[in-house]
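Let's take a friendly walk through the enclosed spaces inside this protein. Have the model open and ready to turn as you read.

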Amino acid sequence: MNFELRILNTQNTPVHIKLWHRDFWMLLVANLLLTMSVYILIPVLPQWLMQTEGLSPMETGLSIGAFALGLYLLGWHCSWLVQRYRRNVVYMWAVVAQALSMALLWYIDEKQLEYADLGLILLQRLLLGASFGLAQMVLSSTLIIDTCESYQRTEANHSAAWFSRFALSLGPLVGLVIYDLYDFGSVFLVSIAMAIISMLLIKLVSFPFRAPEDNVHKASLDRFILPEGMVLFSNLLLVAIVFGLLMSLPVSILFYALVMVGFFLALLAQRFVFRNAELKSEVISGLILLGAAQLVLIVHFDSPVAPVLAGLGLGICSSRFLLFFIKLSRHCKRGTSQSTYFLGWETGLALGMGIGYWLFFKKIDTLLYTTMVLTIASLLMYHLYTHSWFLRNKNR
């Protein structure tokens, strides 16, 4: 009991050396590459849609936001699929579908099909969201959990989430570098390559046999959505929308590199600064730092301090949200809590970017003032309600 309480009250999760074996490393790298293959599009796809395909900012925002809807299309069947078929095979087929959806963009660009039909772009975004969503749910709710002992699973989830978080800076950075050196088509090809390599890495991992459960429904919330976590989901969604709005700004390669610096500082802060800190302090501190980054952007848009503060703040508060989801769920629902966290984050990020292009294209000051309002709202929501609600409803 004291051990679990210590884990709950600090993000300084214990390090189990035996967890970091070859298969676990391959899972983490596969997770990083899979996420990067989607995030590589963050700064490039909107430019391609508007410059090459002739879409308006509103249509571009709609296309970016459609990804969020796609995330929910296959999640209802996740539990049935991993019970009916081998779970690593389900992951690989989902990644194949993701690669094919990216190949559609490459084909449109290669054939110079100017002014591609908006409906085709929306279909591609829905397919990408559905395939990526299913792949990530299987990976986080099943594959990563099944390769470690029960006492290692919190650390495993925490580590996997950090590799996905790294992709948020590395993916756009790689995308911009490739676009600057080559062209849009090369970015799409690299995205496809990352997805394929991720699939091959999973193929090389050995997974223990798990007997399928009886009477599994084809559609269920298992490994998909945790209904009792909707308050936490809403608060995380609001934070992710803020960061999504910031990602729609016209920023440079240096911005994403400095966000990565902020992420590394967040890791150090969790390990040393918040080691014995009060439970509420991480989310509060993270949101204050995120708000400070926005203030710096308002005063001096090109300041190198802003992306570092943004990465630091996001890294601190999002890690705590993940741990809250784990502790909110019962042991048998750990995988479902991971999927719910993933959906809250990805939905908010896609919606934020979509809204940014739709409503705030070339309106930088208005966008930043809006993110400040939303950050304050998410901070007040957490301080006044979410934290106390979590303490009343946590299971571990």
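Before looking at what lines these spaces, it helps to fix the classes: Ala, Val, Leu, Ile, Met, Phe, Trp, Tyr, Cys and Pro count as nonpolar, Asp, Glu, Lys and Arg as charged, and the others, Gly among them, as polar. Keep in mind as well that this is a predicted model.

With a cut-off of 30 Å³ or more, the count is 2 cavities. Start with the largest cavity, which holds about 290 Å³ of space. To find it on your screen, look for A160, A161, S164, Y341 and F342, which lie nearest its centre among the 22 residues of its lining. Which helices contribute to that lining with at least two residues each? They are helix 2 (22-39), helix 7 (118-146), helix 8 (153-181), helix 13 (305-328) and helix 14 (334-360). Helix 8 gives the most, with 6 residues. Sorted by class, the lining of the largest cavity has 12 nonpolar, 8 polar and 2 charged residues.

Now move to the second largest cavity, with about 140 Å³ of space. Its lining includes V38, Y39, L41, I42 and L45, together with I64 and F67. R125 and E346 also line this cavity, as do L349, A350 and M353. At least two lining residues come from each of helix 2, helix 4 (57-70) and helix 14, and helix 14 provides the largest share, 4 residues. How many polar residues does the lining of the second largest cavity have? There are no polar residues in this lining, which has 10 nonpolar and 2 charged ones.

Notes:
Residues are numbered from 1 along each chain as its sequence is written. This is a predicted model: local features need pLDDT of at least 70, side-chain atom pairs count only at pLDDT 80 or more; totals for chains, interfaces and linings use all residues. Side-chain values use heavy atoms; hydrogens and water are left out. On a 1 Å grid over the protein atoms alone, a cavity is a set of points where a 1.4 Å probe fits but cannot get out, and a pocket is an open set with protein on both sides within 12 Å along at least five of seven lines; lining residues have an atom within 4 Å of a point. Grid points are joined across faces, edges and corners, and a volume is the space filled by probe spheres set on the points.
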